[in-house]
Structure formats: structure tokens, C-alpha cells
Amino acid sequence: LEGIRNLDAPSAEQIRDLSALLGRSAVAANEAVVAVTDPDLAEGENPPSCTFVAAAIDGPLVVTAWLGDSRAYWIPDVGNPRQLSVDHSWAQEMIEQGMSRIEAENAPQAHAITRWLGTDAPNLAVRTDAMVAGGPGWVLVCSDGLWNYCSPAADLGALLAATIERVGTDPTTIAAELVTWANAQGGRDNITAVLARIQP
């Protein structure tokens, strides 16, 4: 756990319970995707699918879970932003093998995902991570339609700061502005953004 400032650290049981809750959420989300998938498409070679990312917040504790390449970020008021999730994608595998982030994320197969939700999902076990916020900041979960245009956490943090300066601190308003910004960059993919404020 990062950023722990005092002895009021969350218990392993608390982290386990929130991780299990997010795991059940992914299963429920998959059931919803399967339920709305046209049976003819479900039997096809490439049935509809989607990615999953979620965060459970309890005081300063943030537990994140994901499948695919939708991401979670921690953007503190003071300090360096960081990506909390690790993509299940071809690009991430190439980065781990030494390819530069810019080269990997701009390759034709960059967004080929290795885990997802849908009728042909190979693995519904979410990957989880936990952190404890050492100060105030923002948790952002978003799809690649947003982070395509500012993947590094520092760049996304700068975008968030500029957006807050322009529109204020209401999370819903900020998220809507981030979607508008991504559309203005080209909007090449589905764009989803959700923000939560942490004030320990």
C-alpha cells in the first residue's frame, strides 16, 4: 500500500472484501453484456465485447479492478499522478518487453485486448490493486477513448488540472468536459470518464 501516513491503515480483510465486491461487479457486468447481445452476433466470429474498470473507495482506501484496457488513475493535488491499472492489451505486453510506450500505443494492434467482457470472454477474473491516499486528490476511471489522447498519468493530471481551473470542482461537470475534450481530439473510440474526489 502506498501513501500510508498513520496507523489507521485499512486491514487486509477490508481490502479483500472490496476486491471481492469488484470481482462480483465484473461478473454482473458480464451477465448484462451477454443478456443484451443478439444471439446471432453471439455465435459469430467476433461477438460484441467491452472492457471493465471500477474503483471502490472507503475513506482514503481505493481499491481498483479491471479487465481490458480501460484505466484507473490517481491524481493527487500534490505529488505525481499515477496509473493504478495495468492494461490487458497487446500494447502493454510490448511495453513490458521493452518497446517504448509511444511506439506500442500507436501500433496498429495496440488496442487488441487480452481480457474483456462478453459471450466469448476467456477469463472474468479481474486484476485488482489497492492504495491509500496520503492526501487529497482525484480518482479517475476512464475508457481508452479518453486516455488515447493523453496516456501518461502526468499528461492526464495536467489535463485534469486545466479542466478544473476552467469549470470548477464538480466531478460530473469535469468528467463531461473531459469527454468533450476527447471528442475534440478526434473521438476515435468510445469515451467514458468518471471522477471521485478523495479528501482524507
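Trainee: Which residue forms a salt bridge with Glu105, and how far apart are the closest N and O atoms?
Mentor: Arg71 does, with the closest N and O atoms 3.0 Å apart. Keep in mind that this is a predicted model.

Trainee: Where do Glu105 and Arg71 lie?
Mentor: Glu105 is in helix 4, residues 101-105. Arg71 is in strand 4, residues 71-76. The two are 34 residues apart, and their pair links distant parts of the chain.

Trainee: Is Glu105 buried or exposed? And Arg71, buried or exposed?
Mentor: Glu105 is buried, at 17% relative accessible area. Arg71 is buried too, at 1%.

Trainee: What else forms a salt bridge with Glu105?
Mentor: Arg101, with its closest N and O atoms 2.9 Å apart. Both residues lie in helix 4. They are four residues apart, about one turn of the helix. Arg101 is partly exposed, at 31% relative accessibility.

Trainee: How many salt bridges are there in the whole structure?
Mentor: Five.

Trainee: What about Glu177 and Arg166?
Mentor: Their side chains meet in a salt bridge, 3.1 Å from N to O. Glu177 sits in helix 7, residues 171-184, and Arg166 in helix 6, residues 153-167. So the pair ties together parts that are eleven residues apart in sequence. Glu177 is partly exposed, at 24% relative accessibility. Arg166 is exposed, at 54%.

Trainee: Which residues do salt bridges that share partners join into one network?
Mentor: Arg71, Asp87, Arg101 and Glu105.

Trainee: Back to Arg71. What ring does its charged end sit over?
Mentor: The ring of Trp147, with the charged end 3.4 Å from the ring centre.

Trainee: And strand 4 itself? How many of its residues are buried?
Mentor: Six of its six residues, so to speak of this strand as mostly covered is fair by the cut-off of under 20% relative accessible area.

Trainee: Which residues point which way from strand 4?
Mentor: Arg71, Tyr73 and Ile75 point one way. Ala72, Trp74 and Pro76 point the other way. All are buried.

Trainee: What does strand 4 pair with?
Mentor: Strand 8, residues 137-142, is one of its partners, antiparallel over six bridges. There, the bridge partner of Tyr73 is Leu140. Strand 5, residues 82-83, also pairs with strand 4 in the antiparallel sense, over two bridges. Trp74 stands opposite Arg82 in strand 5.

Trainee: How many residues lie between the strands in the hairpin of strand 4 and strand 5?
Mentor: Five. In that hairpin Gly79 takes a positive phi near 115 degrees.

Trainee: New topic: the open sheet of three strands. What is its order?
Mentor: The order is 2-3-7, with antiparallel pairing. Strand 2 (52-58) and strand 7 (127-132) are the edge strands, each pairing on one side only. Neighbouring strands of this sheet are turned by 15 degrees against each other on average, direction ignored.

Trainee: How many bridges join strand 3 to strand 7?
Mentor: Six, with the strands running antiparallel. Strand 3 covers residues 61-67. Take Ala65: its bridge partner in strand 7 is Thr128.

Trainee: How many aromatic pairs does the structure hold?
Mentor: One. The rings of Tyr149 and Trp181 have their centres 6.3 Å apart. Their planes are at 85 degrees, so the pair is edge-to-face.

Trainee: Where do Tyr149 and Trp181 lie?
Mentor: Tyr149 is in the loop between helix 5 (144-147) and helix 6, and Trp181 is in helix 7. So the pair ties together parts that are 32 residues apart in sequence. Trp181 is partly exposed, with a relative accessible area of 24%.

Trainee: Last one, cysteines. What is the count of disulfides?
Mentor: Zero.

Trainee: Why no bond for Cys50?
Mentor: Because the closest cysteine sulfur, in Cys142, is 15 Å from the sulfur of Cys50, too far for a bond. Cys50 is partly exposed, at 31% relative accessibility.

Trainee: And Cys150, how far away is the nearest cysteine sulfur?
Mentor: It is 7.7 Å away, again in Cys142, and Cys150 is in no disulfide. Cys150 is buried, with a relative accessible area of 6%.

Methods
Residues are numbered from 1 along each chain as its sequence is written. This is a predicted model: local features need pLDDT of at least 70, side-chain atom pairs count only at pLDDT 80 or more; totals for chains, interfaces and linings use all residues. Side-chain values use heavy atoms; hydrogens and water are left out. Two strands pair if DSSP finds at least two bridges between them. Axes are lines fitted to C-alpha atoms, for helices over the stretch in contact, and angles run from 0 to 180 degrees between N-to-C directions. A salt bridge is a side-chain nitrogen of Lys or Arg within 4 Å of a carboxyl oxygen of Asp or Glu. Buried means under 20% relative accessible area, exposed over 50%, partly exposed in between (1.4 Å probe, protein chains only). Rings of Phe, Tyr and Trp (its six-membered ring) pair if their centres lie within 6.5 Å; planes under 30 degrees apart count as stacked, over 60 as edge-to-face and the rest as tilted. A charge sits over a ring if NZ of Lys or CZ of Arg is within 6 Å of the ring centre and within 35 degrees of the ring normal. A disulfide is a pair of cysteine sulfur atoms within 2.5 Å.
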